[in-house]
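Work through the exercises below with the structure open. Try each task before reading its solution.

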Amino acid sequence: MSSNCNSNVQRMNWLDGARLAAAFCIIGIHTSSDTSGGAHAAEASYDRVFPVLLRSVSELASTEFFILISLFLLSLKLARSESPYVSTMLVQARRLLVPFVVWTVFYAFFRFYKGFFYGYEAGLLEQVSSIKAWLGYFLLGNVNFHMHFLPTLFLLLLFHRIYKLAVSTPALGLLIVPMLYLNLSINGWIWSVIDEPQIRDYLVRFIKVLTYTGYGFFAYSMYGLWQRGIKPAQARLWFALCIFFVGIGFIIKMIYAQKVGVNGEWVVRRDYIFYGHYLLPCAMLGAFMYSSFLNWPDKLARWSRFSFGMYLIHPAIMDVLDIALYGFNMQADWYVLVKYCTTAYLALCLTIALGRVRLLAWTVGLGPIPGIESQSSQEIVITQSNSENTVRTA
């Protein structure tokens with residue numbers, strides 16, 4: 001392999017590292033809250049320090065970062081073998097929406113495990129008996145706090161043809177800034193005008209998908225830059241610049257963390273805190289990409305393929321732990337630390353275990369769907385790692 005990052009075959013181990021970081025960081029975001037998803041309001045402010053810090057560090061690789069990685073991987077796949085639009089979307093529907101339906105049904109009923117323990121099973125029973133609730137489960141992904149990712153990502157993929165403009169014109173990646181401005185402005189109007197919760201939820205999701213196309217343009221623009229080739233000396237300079245912006249973003253997160261720690265509740269992100277939070281994933285993707293000059297271990301490819309399953313499984317483990325830890329007189333910092341380490345470890349182990357069961361491996365993106373796909377015809381898609389993880393450039 002030559003010294004340039006645009007050698008004929010370049011392993012993208014940095015991309016595997018980014019996928020793993022996203023999986024572990026999203027678990028960190030979710031385990032940093034209390035059993036009800038709050039900011040440990042019942043604890044003293046000094047006991048909220050570690051949970052808030054864990055959340056702030058974990059948000060360096062948030063859900064939006066996962067979206068950027070997924071779209072980058074799609075751009076990589078389509079650059080290798082152009083396929084018809086309908087065929088591409090059918091593949092993505094099988095890999096995203098079929099597991100989404102299965103996990104949606106699973107979580108709709110698994111929630112009763114925690115609901116019976118805490119005494120809110122009546123509300124859950126009312127939900128699963130409602131057609132409107134099931135529509136929300138499947139259209140919005142609100143059956144659990146993490147399931148929104150899959151339908152949102154699939155809808156973003158519908159625009160992948162126009163994202164390709166950013167490959168040849170990387171400056172289009174800057175569209176993320178006005179798109180975020182529109183997201184903040186229009187959502188502010190929706191919340192001030194629309195009183196009906198269900199209508200409001202669908203409008204907010206519609207605007208989110210439209211404005212999150214900015215992430216699509218940014219991901220494809222980054223692939224366009226990667227495709228052009230990056231010399232190690234240039235990579236070091238751009239890496240330093242991206243780390244600089246990550247540092248600025250983290251300072252903004254510390255300001256937000258102070259507000260949460262003092263108030264004991266999640267604060268609505270506005271103004272510079274909003275932009276700092278939603279632009280940080282872009283700086284993180286740049287930092288990972290331009291770190292390609294580093295000696296990333298090849299073994300990351302083996303582990304990164306479990307990131308999708310870890311994302312899907314971890315909320316179920318959290319619910320079990322909430323009940324298992326109930327009654328233990330633990331301070332918030334120890335509670336969060338134990339919960340994070342246990343959840344991350346068990347999520348990884350369960351994903352590996354499911355991946356070894358041929359009939360279930362597809363539910364965590366580790367195998368073909370029985371009766372629909374064959375192992376020989378599997379394509380490289382956003383939910384499954386490329387075992388070689390290489391890219392050919394001109």
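**Exercise 1. Is Asn144 buried or exposed, and what does Asn144 touch?**

Step 1. The model is a predicted one. Place the residue: Asn144 lies in the loop that runs between helix 6 (131-139) and helix 7 (149-157).

Step 2. Take the relative accessible area of Asn144, which is 11%. The cut-off for buried is under 20%. Asn144 is therefore buried.

Step 3. List the contacts, leaving out residues up to four places away in sequence. Asn144 touches Tyr107 and Pro315.

Step 4. Follow one contact onward. Tyr107 belongs to an aromatic cluster together with Trp103, Phe106, Phe110 and Tyr113.

**Exercise 2. How many residues of helix 7 are buried, and which are they?**

Step 1. Count: 8 of the 9 residues in helix 7 are buried. The helix is mostly covered.

Step 2. Name them. The buried residues are Phe149, Leu150, Pro151, Thr152, Leu153, Phe154, Leu156 and Leu157.

**Exercise 3. Describe the surroundings of Arg269.**

Step 1. Arg269 is found in the loop between helix 12 (232-263) and helix 13.

Step 2. Its relative accessible area is 19%. The limit for buried is under 20%, so Arg269 counts as buried.

Step 3. Beyond residues up to four places away in sequence, Arg269 touches Glu59, Leu184, Tyr256, Phe274 and His277.

Step 4. Look at Tyr256. Arg269 lies over the face of its ring, 4.5 Å from the ring centre. The two residues are 13 apart in sequence, and their C-alpha atoms are 8.0 Å apart.

Step 5. Find another arginine over a ring. The charged end of Arg55 sits over the ring of Trp266, 4.0 Å from its centre.

**Exercise 4. Characterise helix 13: what is its span, where does it bend, and why is it called largely enclosed?**

Step 1. Helix 13 covers residues 271-290, 20 residues in total. From first C-alpha to last it reaches 29 Å. That is close to the 28 Å expected at 1.5 Å a residue.

Step 2. Locate the bend. The helix bends by about 35° at Leu279. A proline, Pro281, follows within four residues.

Step 3. Count the buried residues. They number 16 of the 20, so helix 13 is largely enclosed by the rest of the structure.

**Exercise 5. Classify two aromatic pairs that involve helix 13.**

Step 1. Start with the total. With ring centres within 6.5 Å as the rule, the count comes to 30 aromatic pairs.

Step 2. Take Phe65 and Phe288. Their centres are 5.8 Å apart, with 35° between the planes. This pair is tilted.

Step 3. Place both partners. Phe65 is in helix 3 (residues 63-80) and Phe288 in helix 13. The pair links distant parts of the chain, 223 residues apart. Both residues are buried.

Step 4. Turn to Phe274 and Tyr275. Here the centres are 5.4 Å apart and the planes stand at 90°. Over 60 degrees counts as edge-to-face, and this pair is classed so.

Step 5. Check accessibility. Phe274 has 6% relative accessibility, so this residue counts as buried.

**Exercise 6. Which stretches call for caution?**

Step 1. The protein chain averages a pLDDT of 88. At least 70 is scored by 91% of the residues.

Step 2. Residues 1-9 have pLDDT below 50. Beyond near neighbours in sequence, this stretch has 26 contacts in the model.

Step 3. Residues 375-394 also fall below 50. This stretch has 66 contacts on that count.

Step 4. Where pLDDT is low, predicted coordinates should not be read in detail.

Methods
Residues are numbered from 1 along each chain as its sequence is written. This is a predicted model: local features need pLDDT of at least 70, side-chain atom pairs count only at pLDDT 80 or more; totals for chains, interfaces and linings use all residues. Side-chain values use heavy atoms; hydrogens and water are left out. Helices (H or I, at least four residues) and strands (E, at least two) are DSSP runs, numbered from the N terminus. The expected span of a helix is 1.5 Å times one less than its number of residues. The bend at a residue is the angle between axes fitted to the seven residues ending there and the seven starting there. Buried means under 20% relative accessible area, exposed over 50%, partly exposed in between (1.4 Å probe, protein chains only). Rings of Phe, Tyr and Trp (its six-membered ring) pair if their centres lie within 6.5 Å; planes under 30 degrees apart count as stacked, over 60 as edge-to-face and the rest as tilted. A charge sits over a ring if NZ of Lys or CZ of Arg is within 6 Å of the ring centre and within 35 degrees of the ring normal. pLDDT is the predictor's confidence in each residue, from 0 to 100. Contact means heavy atoms within 4.5 Å.
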